[in-house]
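Visitor: I have a structure in front of me and little practice. Could you show me how to read it?

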Amino acid sequence: MELQARRHRLTAYNQLAEHLGSIVDALTWYRGGTGPFASVNFDRNHAHTILACAPGEHPEINTVFGLSIMAPYTRFPDQQQRHPRVMFPLSSGEFKSLSGEWMPATIGSAIVCVAGRDFAMRCTSTPFLTLWCQKTASIDLDGYARATAAEGIRRRRARTLSPSASVS
């Protein structure tokens with residue numbers, strides 16, 4: 001019975017990942033900053049997007065839902081969580097546990113990231129896709145989307161105009 005339930009859960013997560021694939025080009029993607037222990041390729045091999053924002057009990061607190069994706073062999077930098085976050089892996093990856101050990105992040109699991117604790121994630125030979133939700137201070141999503149889209153355009157132009165830009 002447990003095996004059947006696990007197969008059903010995996011099928012549901014695979015379907016979710018497929019449906020997200022149908023809207024991926026319409027989303028506004030942004031990159032986070034680098035930090036301690038990030039992979040050398042981190043700046044160009046990861047992206048985040050906000051899918052939705054739900055108002056909380058207090059006007060200054062929202063719950064934000066988003067996606068993060070990392071290319072193979074990418075390591076997210078160590079950082080301290082300012083706000084609580086829950087990650088729902090849609091592919092295989094690894095998270096750093098409270099004890100500092102790397103733990104598998106399996107499809108269908110929930111990874112709880114407590115505010116004030118260190119956090120890191122990584123992937124090996126396959127890309128890593130994770131859905132997340134996070135409590136955060138109130139944000140203007142329209143302004144945020146415009147700012148991140150404008151930053152993305154500036155970065156693309158800089159890469160295009162840069163004589164050292166490489167084609168990948």
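**Reading a sheet, its cysteines and its confidence**

Guide: Start with one pair: F95 stands opposite M103 in β7. Keep in mind that this is a predicted model.

Visitor: Which strands does F95 help to link, and how do strands pair at all?

Guide: Strands of a sheet pair through backbone hydrogen bonds, either parallel or antiparallel. Here, F95 belongs to strand β6, residues 93–96. Strand β7 covers residues 102–105, and 4 bridges join it to β6 in the antiparallel sense. Another partnership in this pair sets K96 against W102 of β7.

Visitor: What happens between β6 and β7 in the hairpin?

Guide: There are 5 residues between the two strands. In that hairpin, G100 takes a positive phi near 90°.

Visitor: Which residue of β10 stands opposite F95?

Guide: It is M121. β6 and β10 pair over 2 bridges, again antiparallel.

Visitor: In what order do the strands of the sheet lie?

Guide: The order is β7-β6-β10. These 3 strands form an open sheet with antiparallel pairing. β7 and β10 each have a single partner strand, so they stand at the edges, and one side of each has no neighbour in the sheet.

Visitor: Which residues of β6 are on its covered face, and which on the uncovered one?

Guide: G93 and F95 make up the covered face. E94 and K96 lie on the uncovered face.

Visitor: Now the cysteines. How many disulfides does the structure hold?

Guide: The count is 0. A disulfide needs two cysteine sulfur atoms within 2.5 Å. Take C113: the closest cysteine sulfur, in C133, is 9.8 Å away, so the two are too far apart for a bond.

Visitor: Is C113 buried or exposed?

Guide: C113 is buried, because its relative accessible area is 6%, and buried means under 20%. C123 also counts as buried, at 6% relative accessibility.

Visitor: How far should I trust the coordinates?

Guide: Where pLDDT is low, the predicted coordinates should not be read in detail. For this chain, the mean pLDDT is 77, and 74% of the residues reach 70 or more.

Visitor: Which elements have the lowest and the highest mean pLDDT?

Guide: Helix α2, residues 141–161, has the lowest, at 51. Strand β10, residues 121–122, has the highest, at 92. Over residues 159–168 the pLDDT is below 50. Beyond near neighbours in sequence, that stretch has 2 contacts in the model.

Technical notes: Residues are numbered from 1 along each chain as its sequence is written. This is a predicted model: local features need pLDDT of at least 70, side-chain atom pairs count only at pLDDT 80 or more; totals for chains, interfaces and linings use all residues. Side-chain values use heavy atoms; hydrogens and water are left out. pLDDT is the predictor's confidence in each residue, from 0 to 100. Helices (H or I, at least four residues) and strands (E, at least two) are DSSP runs, numbered from the N terminus. Contact means heavy atoms within 4.5 Å. Buried means under 20% relative accessible area, exposed over 50%, partly exposed in between (1.4 Å probe, protein chains only). Two strands pair if DSSP finds at least two bridges between them.
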